[in-house]
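Me: I have a model open and would like to talk through how it is put together. Could you take my questions one at a time?

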Amino acid sequence: MSARAMVVEDEAAIAALVASYLERDGFEVTVTGDGGEAVTRARSVDPDVVVLDLGLPGLDGVEVCRRLRTFSDAYVVMLTARADEVDTLVGLSIGADDYVTKPFSPRELSARIQARMRRPRNGFAGAAAGRSGTVRVVGDLSIDVPGREVRVAGAPVHLTRTEFDVLEALSSAPGTVFSRSRLIDAVWGPEWVGDDHLVDVHIGHVRRKLGDDAARGRYVRTVRGVGYRMGTGR
């Protein structure tokens, strides 16, 4: 079956351009310019990728992404005409995986999506362990790699696809410090181009969902000036 993409953009020319590149890359593409309709159609289409404009009229991209994340782990790329960091972080904090600022190159957008879609679902160096059925345990945290399930003290934790991949990459080599660039290679792919502080945002999401924080670093520890590594669970 072909991969499925949804383009949610109220500027018809931009929507058509993005859709044409995705169709050329083999996606079955659904296009809508309405946020509420996008949420409804996503339930039936079940897209693998959503290209989502932040500045939609009515139900804006932030709220669309928030609602998508209640039932979908699609790879969400937000399009924004607002270049300031606050808007970027707002978009990412509700579950977007990546962002592109307008004006943008549709060729670069297509390349980013293709690079991400080529990544194995169980990621990086832990792929072999995932195939063997390994569950990684760090204190109260358990990471079922092949099942893509995370639990803390037995309670399930819902991570987005990208959040899981970040945690999977760190847990694949628990004694290793990962720089931002190494995590980007592991999760987004070496072809990805953009702001490497994207990593910090997703680390923050993972910590919050695990009930962790930067000060304690039970599960994800900051190594100042270098990057991140797994904690010990204590």
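**Strands, helices and their packing**

Reply: Gladly, and a good place to begin is β1, which is covered on both faces: Arg4, Met6 and Val8 are buried on one side, and Ala5 and Val7 are buried on the other. Please keep in mind that this is a predicted model.

Me: How many of the residues of β1 are buried?
Reply: Buried here means under 20% relative accessible area. Both faces of β1 are covered by that test, with Arg4, Met6 and Val8 on one side and Ala5 and Val7 on the other. The strand is largely enclosed by the rest of the structure, because the buried residues number 5 of the 5.

Me: Which residue of β2 is the bridge partner of Met6?
Reply: Met6 is one of the buried residues of β1. Strand β1, residues 4–8, runs parallel to β2, and 5 bridges join the two. Within β2, the bridge partner of Met6 is Thr30.

Me: In what order do the strands of the parallel sheet lie, and which stand at the edges?
Reply: This open sheet has 5 strands with parallel pairing, in the order β2-β1-β3-β4-β5. A strand with a single partner has one side left without a neighbour in the sheet, so the edges are β2 (28–32) and β5 (98–101).

Me: Which strands stand at the edges of the antiparallel sheet?
Reply: The antiparallel sheet is open too, with 4 strands in the order β6-β7-β8-β9. Each edge strand has a single partner, so one of its sides lacks a neighbour in the sheet; these strands are β6 (135–138) and β9 (155–157).

Me: By how much are neighbouring strands of that antiparallel sheet turned against each other on average?
Reply: The sheet in question is the open one ordered β6-β7-β8-β9. With direction ignored, the average turn between its neighbouring strands is 25°.

Me: What is the bridge partner of Ile143 in β8?
Reply: Ile143 falls within strand β7, residues 141–144, which runs antiparallel to strand β8, residues 149–152. These two strands are joined by 4 bridges. In β8, Ile143 has as its bridge partner Val150.

Me: Are α2 and α3 roughly parallel or roughly perpendicular to each other?
Reply: Helix α2 (residues 35–45) and helix α3 (residues 61–68) have axes that come within 9 Å and cross at roughly 15°. Angles under 35 degrees count as roughly parallel. The two helices are therefore roughly parallel.

Me: How do the residues of the contact of α2 with α3 divide by class?
Reply: The crossing of α2 past α3 is right-handed. From α2 the contact takes Gly35, Ala38, Val39 and Ala42, and from α3 it takes Val64, Arg67 and Leu68. By class, these residues are 5 nonpolar, 1 polar and 1 charged.

Me: At what angle do α7 and α8 pack?
Reply: The contact brings Thr162, Asp165, Val166, Ala169 and Leu170 of α7 to Leu183, Ala186 and Val187 of α8, and its residues are 6 nonpolar, 1 polar and 1 charged. The crossing is right-handed. Helix α7 (residues 161–172) and helix α8 (residues 180–187) have axes 10 Å apart, at an angle of about 120°.

Me: Are α7 and α9 roughly parallel or roughly perpendicular?
Reply: On the α7 side, Thr162, Glu163, Val166, Leu167 and Leu170 meet residues of α9 including His202, Val206 and Leu210. The axes of α7 and helix α9 (residues 198–210) come within 9 Å and cross at roughly 90°. These helices are therefore roughly perpendicular.

Me: Across which strands does α7 lie?
Reply: The direction of α7 is at about 105° to β7. The strands it lies across are β6, β7 and β8.

Me: What is the relative accessible area of Leu167?
Reply: Leu167 lies in helix α7. Leaving aside neighbours within four places in sequence, the contacts of Leu167 are Leu141, Ile143, Val150, Leu159, Val206, Leu210, Val220 and Met230. Leu167 is buried, with a relative accessible area of 0%.

Me: What share of the residues in the protein chain is buried?
Reply: The chain has 9 helices and 11 strands. Of its 234 residues, the buried share is 50%.

Methods. Residues are numbered from 1 along each chain as its sequence is written. This is a predicted model: local features need pLDDT of at least 70, side-chain atom pairs count only at pLDDT 80 or more; totals for chains, interfaces and linings use all residues. Side-chain values use heavy atoms; hydrogens and water are left out. Two strands pair if DSSP finds at least two bridges between them. Axes are lines fitted to C-alpha atoms, for helices over the stretch in contact, and angles run from 0 to 180 degrees between N-to-C directions. Angles under 35 degrees count as roughly parallel, over 145 as roughly antiparallel, 65 to 115 as roughly perpendicular and the rest as oblique. A crossing is left-handed if the near helix is turned anticlockwise from the far one by less than a right angle, and right-handed if clockwise. Contact means heavy atoms within 4.5 Å. Ala, Val, Leu, Ile, Met, Phe, Trp, Tyr, Cys and Pro count as nonpolar, Asp, Glu, Lys and Arg as charged, and the others, Gly among them, as polar. Buried means under 20% relative accessible area, exposed over 50%, partly exposed in between (1.4 Å probe, protein chains only).
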